[in-house]
Amino acid sequence: MLKIENLQASIDDKSILNGLNLEVKAGEVHAIMGPNGAGKSTLANIIAGKEEYEVTNGAIELHGEDISELAPEERAHNGIFLSFQYPVEIPGVSVTNFIKTAINETRKAKGLEDMPAKDMLKKIREKSELLEIDRKFLSRSLNEGFSGGEKKRNEIFQMAMLEPKLAILDETDSGLDIDALRIVANGVNKLKSKDNAVIVITHYQRLLDYIVPDFVHVLYDGKIVKSGDASLALELEAKGYDWIKQELV
Amino acid sequence: MKYTEDDLEKELETQEYKYGFYTDIESETFAKGLNEEVVIAISKKKNEPQWMTDWRLEAFRVWEKMEEPEWANVRYEKPKFQDIAYYSAPKEKPKLNSLDEVDPELLDTFKRLGISLDEQKKLANVAVDIVMDSVSVATTFKKTLGEKGIIFMPISEAIQEHPALVKKYLGSVVPTTDNFYAALNSAVFSDGSFCYIPKGVRCPMELSTYFRINEGGTGQFERTLVVADKGSFVSYLEGCTAPSRDENQLHAAVVELIALDDAEIKYSTVQNWYPGNKEGKGGVYNFVTKRGICENNAKISWTQVETGSAVTWKYPSCILKGNNSVGEFYSIAVTNNHQQADTGTKMIHLGKNTKSTIISKGISAGHSQNSYRGLVQINSRAENARNFSQCDSLLMGNACGAHTFPYIEVKNKSAQIEHEATTSKIGEEQLFYCNQRGIDTEKAIALIVNGFSKEVLNKLPMEFAVEAQKLLEISLEGSVG
């Protein structure tokens, strides 16, 4: 589904990714771990198409097609979803209005009519139940005055509504208490299928107790330096990152 | 690929005026220039009684001695008042009973504006009094309104048919001496609307007037007078759009509202005068005086969506004379390219337990300057007066400006005044977030702006809110890419 080859990227002439390779197939869950400043969020933003990063080399392919020249909204239309580490506030725009606009814009890009209000309502009801979201929450301004947990839950709610092919969860566990973590992880697990894939970016093993990865990658200094199965995450949790740094020397 | 402030700016300035066309209707225009003879000629043309002519002349003499105000936060080349033709009317003023009799070209104009009369009559239950180049050419729904005793007609006709009412109230809220532009308007106003709601009557429909400037080089001086008698209610809509012009056009309207005891007037405006091109050339000068007076327990609400004009100078105000009277001002002012707006309100609290609310939303883009200027005045006898003001500014790009000039004068210790102000900016992070959800930048800006303006949009009557949202999008969206 996603194939990244020798990706090099920089911001303001500062090199952040230094030849990164990653392949994600449908039905898989990948975890990307690594110390602060390793380039984890940069990778997420580059896949989503954030324009302030300059891709200096390499290719990003989705379903066999190069997407590196596509605008962020076009990548979204192709099924890429990023759950933001710090979701922004949009005052006066309700959660419902926002998700409705997002769905209909995506449909428009595919030449489809707006989703009928009845179907939209049904879907909102279904997905908000899945994530244990209160109806009142949906009428609030997007992320305005939301707690950290509400923001993250709202991200996963949007993911549930948009049904992406590839979901990237950037530090979705930060700011969540244990109950919220369980609800969010549970939601992600229920949305998982053999047709879609998930990339989980995290500092800690904690989230991976709930969303069990098929592969764990360690990102260090702009490259994936070690890959393994779920047990690698446990090892990292126990030993920290220093041993990997030493291995590299 | 990088989306910078400059790109954002570029995107915002590439929207040319949508309604830039010119309707070729034969019209009669006075020679340029202004003196007592011209004032008398205008009055004569309209077959006005002597008291009206005298009233105009008195205003003209006051105006001659006045100077154009310069305190507003706007810079522009002053109009050459002797270079303006002060009267223009479609040559033949037809008496019309139905739309079939309206000049097809005029109907076509309205269709291109997206305000088909037919549609409005059917769907919106709106009586429309079209003001085209100063003289009304069609008045609809007169009969329905007549049955309730409601008078809604061009003010020129009201002067003939209801002289006592007009004489009593004209200039009672905005005296001829009030300010430079009001004096000018009083001297030369060509037409406008008059509305009277009798005691205890609730006007069954929104009353609506569409203004347009059509003849090149013609100043437009509309006069509106709305009188809501005791215990009555009326919702009045005013919307304007003007064709594209290279030379500046002066618009100096006066609107007076009178809400007698227990009456309520809701006055909504969507203003979309030609704002000039993206270099700041051309565009309408909109120097308007709007004021209402509230007697006991009366209420006046001003709601405005200002998207057009090169220069706007406008302060819809409320004089809260009666006890327990209420004044409200809800405003969205959008400026783009080189537009300048200095707009706000005055809430003058005279009566006891008077209450006022001000919600102002300023949106600036391009190289525009957007100023809120508001006065809250609590007079010594206004016990327990309350005011709440909220002024929010939204900026797009780095070259525009937002300014807030609140004036608060309190002469009574029991007053409660609250003032809140915020300034925010549409950021790249917000746009990227929307983009990532599949919403392109153009749509994202519309979404963010609509969210920002929501509190005010919600105050507009339904059928107007849709048009207003459309105007916000037209004013701010550019072609992406």
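**Entry 1: a lysine over a ring in chain A**

I began with Lys239(A), which lies over the face of Trp243(A) at 4.4 Å from the ring centre. The model is a predicted one, and I read every value below as computed from it. I then looked up the surroundings of Lys239(A) and found it partly exposed, with a relative accessible area of 47%.

Lys239(A) also forms a salt bridge with Glu235(A), and the closest N and O atoms are 3.1 Å apart. I asked where the two partners lie. Both belong to helix 7 (residues 230-239) of chain A, four residues apart, about one turn of the helix. An α-helix has 3.6 residues a turn, so residues three or four places apart point the same way. Glu235(A) counts as partly exposed at 31% relative accessibility.

**Entry 2: the next helix of chain A**

I moved on to helix 8 (residues 242-248) of chain A, where Asp242(A) and Lys245(A) are three residues apart and therefore separated by about one helical turn. These two residues form a salt bridge, with the closest N and O atoms 3.8 Å apart. Asp242(A) is partly exposed at 49% relative accessibility, and Lys245(A) is partly exposed at 30%.

I also noted a network of salt bridges in chain A that links Lys123(A), Glu126(A), Lys127(A) and Glu163(A). Over all chains the structure holds 27 salt bridges.

**Entry 3: helix 1 of chain A**

I asked how many residues of helix 1 (residues 40-48) of chain A are buried. Eight of the nine are, and I recorded the helix as mostly covered. Among the buried residues are Lys40(A), Thr42(A), Leu43(A), Asn45(A) and Ile46(A). Just after this helix, Gly49(A) takes a positive phi of about 95 degrees.

**Entry 4: where chain A meets chain B**

I next examined the contact between the chains, which takes 21 residues from chain B and 36 residues from chain A. The area buried between them is about 2400 Å², and carbon and sulfur atoms give 63% of this area.

Which residues form the salt bridges between chain B and chain A, counted as two? In one of them, the side chains of Lys50(A) and Glu429(B) meet at 2.8 Å, N to O. Eleven residue pairs are in polar contact across the interface, both residues of each pair being at pLDDT 80 or more. On the side of chain B that touches chain A, helix 10 and helix 11 of chain B are the elements that give two or more residues. The largest share of that side, eight residues, comes from helix 10 of chain B.

A salt bridge also joins the side chains of Arg437(B) and Glu155(A), at 2.5 Å, N to O. Arg437(B) lies in the loop between helix 10 (428-436) and helix 11 (441-457) of chain B, while Glu155(A) lies in helix 5 (residues 148-162) of chain A, so this pair joins two chains. I asked whether Arg437(B) is buried or exposed. Arg437(B) counts as buried, at 1% relative accessibility. Glu155(A) is likewise buried, with a relative accessible area of 0%.

**Entry 5: aromatic rings in chain B**

I turned to the aromatic pairs, of which the structure holds 22 over all chains. The rings of Tyr76(B) and Tyr285(B) have their centres 5.1 Å apart and their planes at 70 degrees; pairs over 60 degrees count as edge-to-face, so I entered this pair as edge-to-face. The pair links distant parts of the chain, 209 residues apart. Tyr76(B) lies in the loop between helix 3 (50-65) and strand 2 (88-90) of chain B, and Tyr285(B) lies in strand 13 (residues 284-294) of chain B.

Tyr76(B) is partly exposed, with a relative accessible area of 22%, whereas Tyr285(B) is buried at 4%. Tyr285(B) also pairs with Phe287(B): the ring centres are 5.7 Å apart and the planes stand at 45 degrees, so this pair is tilted. Phe287(B) counts as buried, at 1% relative accessibility.

I then asked which residues ring pairs link into a cluster. The cluster includes Tyr76(B), Tyr285(B) and Phe287(B), together with Phe60(B), Trp63(B), Trp71(B), Phe81(B), Phe180(B), Tyr181(B), Trp313(B) and Tyr315(B).

**Entry 6: a lysine over a ring in chain B**

I closed with Lys361(B), whose charged end sits over the ring of Phe452(B), 5.1 Å from its centre.

Terms used
Residues are numbered from 1 along each chain as its sequence is written. Chains are lettered from A and ligands numbered from 1 in the order in which they are written. Side-chain values use heavy atoms; hydrogens and water are left out. Rings of Phe, Tyr and Trp (its six-membered ring) pair if their centres lie within 6.5 Å; planes under 30 degrees apart count as stacked, over 60 as edge-to-face and the rest as tilted. Buried means under 20% relative accessible area, exposed over 50%, partly exposed in between (1.4 Å probe, protein chains only). A charge sits over a ring if NZ of Lys or CZ of Arg is within 6 Å of the ring centre and within 35 degrees of the ring normal. A salt bridge is a side-chain nitrogen of Lys or Arg within 4 Å of a carboxyl oxygen of Asp or Glu. Contact means heavy atoms within 4.5 Å. Buried area is the accessible area (1.4 Å probe) that two parts lose on being put together, summed over both. A polar contact is a pair of N or O atoms within 3.5 Å; within protein, one must be able to donate a hydrogen and the other to accept it, and residues adjacent in sequence count only if both atoms are side-chain atoms.
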